[in-house]
Amino acid sequence: MATMARSRARRSAKLLVFTGVVAILTCGVLLCSRCHEASAVPAGPVHHGSHARRFLLGAVGSTLGAAASFQVSPSRAASLLGFDVSFLDPPAPPDVASVPPDAEVLPSGLATKLLLRPTCALSVSMPLNSEECVQSRAREFDKVQIDYIGWQPNGRMFDSSRLEKRSVRVNSVMPGWTEAFQMMSPGEKRRFWIPASLAFGDTVTDQTRPAGPLVFDIELYNVERQPKPPTELTAPPADATFTSSGLAYKVLKPGTGQQRPTPDSNVTSLYNGWSANGDLILSTSFGAQPTFVLKEIPIKGLLEGVQLMCEGETRRFWIPAELAFGEKPEGKGLPGGVLVFDYRLSTIN
Ligand SMILES: *[C@@H]1O[C@H](CO)[C@@H](O)[C@H](O)[C@H]1NC(C)=O
């Protein structure tokens, strides 16, 4: 009797432990879908708003897409809950200590070694600089999906995506990464030795950004093409035209229509919008709504601007913060500061 009771007790204790582990992992997965900011990544939040919900559809869509594509490893889930799971990480490769002789050193000082060939040149007989490979490389304003591990020369691993893909804009990260991404094609994995001047510098400024040279293994999964942003993102150029409200514009392509839309017009448009830091905040190429009633536009300056246009016209608008979401918007994730829009009014329906 006593034995049976004991074994039952042991079984229910096991069940409890098992349930606990499942709960911990589930929490980890839930938490993980929210925390995908890489510490090696200085900037580049994904914007999604609540007021401007419908209009910001594209941006929200891409956030959800990114969250859904994460593969959460148990070690990541556990580390989120505060356990030290560094023993689950792979040991540092011996060559993180210094640039080995078989690495290629680039003019900037960045050094690199190929670890996995890209899809465009899977076999050794296919050159890495073929037309196809060069075409498939990331450009500075594109986004890339990557996995990475970062070490200091002493072998300390200070950061890792722990096998969750991260999506970052090529030009929003440390200079060493920006250069690194632009030499990689999808499927490629490389080790990079990044001098301090192309990383976080020689002096420690915060805990998550180590000083000195750094070594990264980076695997590039995918390049998300982004439209090239205008060169003047922070302020309108000297030849822009201003309206009395402070809105600035330049006609990029004159239209053919006679009519101009009113706030009640139902219009179909193509547009790309950027914030001053270069983030693409809204784009009909990435799911933002093309057809809507003009007054639904939550950006005052854009609502004003589109009413100046005729069918078939393309304009570039520089919208000052006070005609957009302000300098520091309260709405979570809304872009602050100047916004720039390339806007084509296709039809007034
Ligand atoms: C706007 O026009 C399109 C195309 O004619 C139509 O499908 C849509 O229902 C209209 N939307 C509104 C809100 O009137």
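Glu 313 touches Val 251, Lys 253, Pro 254, Gly 255, Leu 308, Tyr 343, Arg 344 and Leu 345, leaving out residues up to four places away in sequence; contact here means heavy atoms within 4.5 Å. This is a predicted model, in which local features need pLDDT of at least 70 and side-chain atom pairs count only at pLDDT 80 or more, while totals for chains, interfaces and linings use all residues. Residues are numbered from 1 along each chain as its sequence is written, and side-chain values use heavy atoms, with hydrogens and water left out.

Glu 313 sits in the loop between helix H6 (300-306) and strand S13 (314-319). Helices (H or I, at least four residues) and strands (E, at least two) are DSSP runs, numbered from the N terminus. One of the residues that Glu 313 touches, Arg 344, is 31 residues away in sequence, yet the C-alpha atoms of the two are 5.7 Å apart in space. Two polar contacts can be picked out for the Glu 313 side chain: one runs to the side chain of Arg 315 at 2.3 Å, and the other reaches the backbone nitrogen of Cys 310 at 3.1 Å. A polar contact is a pair of N or O atoms within 3.5 Å; within protein, one must be able to donate a hydrogen and the other to accept it, and residues adjacent in sequence count only if both atoms are side-chain atoms. Glu 313 counts as buried because its relative accessible area is 4%, where buried means under 20%, exposed over 50%, and partly exposed in between (1.4 Å probe, protein chains only). Cys 310 is buried as well, at 8% relative accessibility.

Next comes the disulfide. With the rule of a pair of cysteine sulfur atoms within 2.5 Å, the count comes to 1 disulfide. The cysteines in question are Cys 120 and Cys 133, with an S to S distance of 2.1 Å. Their link is right-handed, with 110° about the S-S bond. The pair ties together distant parts of the chain, 13 residues apart: Cys 120 is in the loop between strand S2 (111-116) and helix H4 (131-136), and Cys 133 is in helix H4. Cys 133 is buried at 0% relative accessibility, and Cys 120 is buried at 7%.

Ser 185 touches both of these cysteines, along with Pro 118, Ser 136, Arg 137 and Leu 220, not counting residues up to four places away in sequence. Its place is in the loop between helix H5 (175-181) and strand S6 (189-194). The side chains of Ser 185 and Ser 136 are joined by a polar contact of 3.3 Å. Ser 185 has a relative accessible area of 1%, so Ser 185 counts as buried.

From Ser 185 to Glu 219 the C-alpha distance is 9.6 Å, with their positions 34 residues apart in sequence. Glu 219 belongs to strand S7 (residues 214-224). Setting aside neighbours within four places in sequence, Glu 219 is in contact with Leu 116, Gln 145, Ile 146, Asp 147, Glu 188 and Lys 189. Glu 219 is buried because its relative accessibility is 19%.

Thr 284 has a relative accessible area of 19% and is therefore buried too. Thr 284 is found in the loop between strand S11 (280-283) and strand S12 (291-293). Its contacts, neighbours within four places aside, are Ser 269, Leu 270, Tyr 271, Gln 289 and Pro 290.

As for the ligand, the residues around it (those with a heavy atom within 4 Å) are Asn 266, Thr 291, Val 293 and Asn 349. Taken alone, the ligand exposes 360 Å², and the protein buries 32% of that; accessible areas come from the Shrake-Rupley method with a 1.4 Å probe, and for residues only the protein chains shown count as cover. An oxygen atom of the ligand lies 2.3 Å from an N or O atom in the side chain of Asn 266.

Finally, the whole chain. The protein chain has 6 helices and 14 strands. Of its 349 residues, 45% count as buried. Among contacts with a separation of 6 or more, 71% come from residues 24 or more positions apart. The accessible surface of the protein chain is about 17,700 Å², and 59% of that belongs to carbon and sulfur atoms.
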